[in-house]
Amino acid sequence: MSRNKIAILILSSFWAAGTGYASDVYITQAGSNTTIDITQTGSGNTVGTSSTASTFNGASDIDISQIGSGNTANVSTSVGTSGTILNYSATGGTNVLDVQIDGATDTTLTTAITGDSNEVTLCGTLSTNAGTATSAACSTGVQVNTTTTNVAITGDSNKVAVGADAASAVNNITIGGNHSSSSNIVNLQQTGSDIPAATLSIDGSSNEVNIIQN
């Protein structure tokens, strides 16, 4: 089977007539064996929008890298999709990643974020955006099996929300690593007929972790 590869490199912080411009990327993908690489440098870049996600309807390898501040990525996978791998990295502040998995199986999300006031949300559907002192919340969790979430954040005042209604869900969340990171908020809600697995490693002070398991 053939494999499609799409690479998008965007430097949005260029100088043109004294003005920097942000870039917006919208993708609706269908079919399997697609590799998509997106790199955005600068401020105010988007992959999808808060109201319209970039949607992937087939098994895909997706790499999104945002370097700068105030960038957002809104990504969803639809019913029937299986085997999607999403790798997200951000360096800078106030970057936002929203991932909605609606019936897709065998999905893996891996994030590596360095900076302050960033946000990561993984849900079936999102109910509440992050507030000043609280993480985002899910109205429905991911309801499929074998979903793996790896979140690593180094910095202060970051927010993580994961809703996993799936059996065999695996959630690995690391705050700080070997670098002290403070005032971060983690909301993790897990339900399911099996027992989902969660591993949290927190290095720093004034961090808040809320885990609901039922």
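Two residues are in contact when heavy atoms lie within 4.5 Å. The model used in these exercises is predicted.

**Exercise 1. The whole chain**

Find what share of the contacts between residues at least 6 apart in sequence join residues at least 24 apart, then describe the chain as a whole.

Solution.
- Step 1: Take the contacts between residues at least 6 apart in sequence. Of these, 55% join residues at least 24 apart.
- Step 2: Look at the secondary structure. The protein chain has 20 strands and zero helices.
- Step 3: Turn to burial. Of the 214 residues, 42% are buried.
- Step 4: Check the surface. The chain exposes about 9,400 Å², and 52% of that comes from carbon and sulfur atoms.

**Exercise 2. The enclosed space**

State how many cavities of 30 Å³ or more there are, and describe the lining of the largest cavity.

Solution.
- Step 1: Recall the idea. Rolling a probe the size of a water molecule over the atoms shows where empty space is left.
- Step 2: Count. There is one cavity of 30 Å³ or more.
- Step 3: Give its volume. The largest cavity holds about 40 Å³ of space.
- Step 4: Name the lining. Ile-62, Val-75, Thr-77, Thr-84, Leu-86, Val-99 and Thr-107 line the largest cavity.
- Step 5: Sort the lining residues. Four are nonpolar, three are polar and none is charged.

**Exercise 3. A loop asparagine**

Decide whether Asn-158 is buried or exposed, and find what its side chain reaches.

Solution.
- Step 1: Place the residue. Asn-158 sits in the loop between strand E15 (148–154) and strand E16 (159–164).
- Step 2: Apply the cut-off. Asn-158 has 1% relative accessibility, and buried means under 20%. So Asn-158 counts as buried.
- Step 3: Follow the side chain. One partner is the backbone nitrogen of Ser-117, at 3.2 Å. Another is the backbone oxygen of Gly-155, at 3.5 Å.
- Step 4: Add the contacts. Beyond neighbours within four places in sequence, Asn-158 touches several residues, including Gly-115, Asp-116, Ser-183 and Ile-185.

**Exercise 4. Positive phi**

Describe the phi angle, place and exposure of Ser-157 and of Thr-94.

Solution.
- Step 1: Start from the usual case. Most residues other than glycine have a negative phi.
- Step 2: Take Ser-157. Its phi is positive, near 60°. Ser-157 lies in the loop between E15 and E16. At 33% relative accessibility, Ser-157 is partly exposed.
- Step 3: Take Thr-94. Its phi is positive, near 55°. Thr-94 lies in the loop between strand E9 (85–91) and strand E10 (96–101). With a relative accessible area of 44%, Thr-94 is partly exposed.

**Exercise 5. Two strand residues**

Give the strand, exposure and contacts of Leu-188 and of Ile-67.

Solution.
- Step 1: Place Leu-188. It belongs to strand E18 (residues 185–190). At 2% relative accessibility, Leu-188 is buried.
- Step 2: Look along the chain from Leu-188. Asn-210 is 22 residues away, yet the two C-alpha atoms are separated by 6.1 Å. Leu-188 is also in contact with Asn-210; Val-162, Ala-198 and Leu-200 are among its other contacts.
- Step 3: Place Ile-67. It belongs to strand E7 (residues 60–67). Ile-67 is partly exposed, with a relative accessible area of 37%.
- Step 4: Look along the chain from Ile-67. Ser-89 is 22 residues apart in sequence and 8.2 Å apart in space, C-alpha to C-alpha. Leaving aside neighbours within four places in sequence, Ile-67 is in contact with Gln-40, Thr-41, Gly-42 and Thr-91.

Technical notes: Residues are numbered from 1 along each chain as its sequence is written. This is a predicted model: local features need pLDDT of at least 70, side-chain atom pairs count only at pLDDT 80 or more; totals for chains, interfaces and linings use all residues. Side-chain values use heavy atoms; hydrogens and water are left out. Helices (H or I, at least four residues) and strands (E, at least two) are DSSP runs, numbered from the N terminus. Buried means under 20% relative accessible area, exposed over 50%, partly exposed in between (1.4 Å probe, protein chains only). Accessible areas come from the Shrake-Rupley method with a 1.4 Å probe; for residues, only the protein chains shown count as cover. On a 1 Å grid over the protein atoms alone, a cavity is a set of points where a 1.4 Å probe fits but cannot get out, and a pocket is an open set with protein on both sides within 12 Å along at least five of seven lines; lining residues have an atom within 4 Å of a point. Grid points are joined across faces, edges and corners, and a volume is the space filled by probe spheres set on the points. Ala, Val, Leu, Ile, Met, Phe, Trp, Tyr, Cys and Pro count as nonpolar, Asp, Glu, Lys and Arg as charged, and the others, Gly among them, as polar. A polar contact is a pair of N or O atoms within 3.5 Å; within protein, one must be able to donate a hydrogen and the other to accept it, and residues adjacent in sequence count only if both atoms are side-chain atoms.
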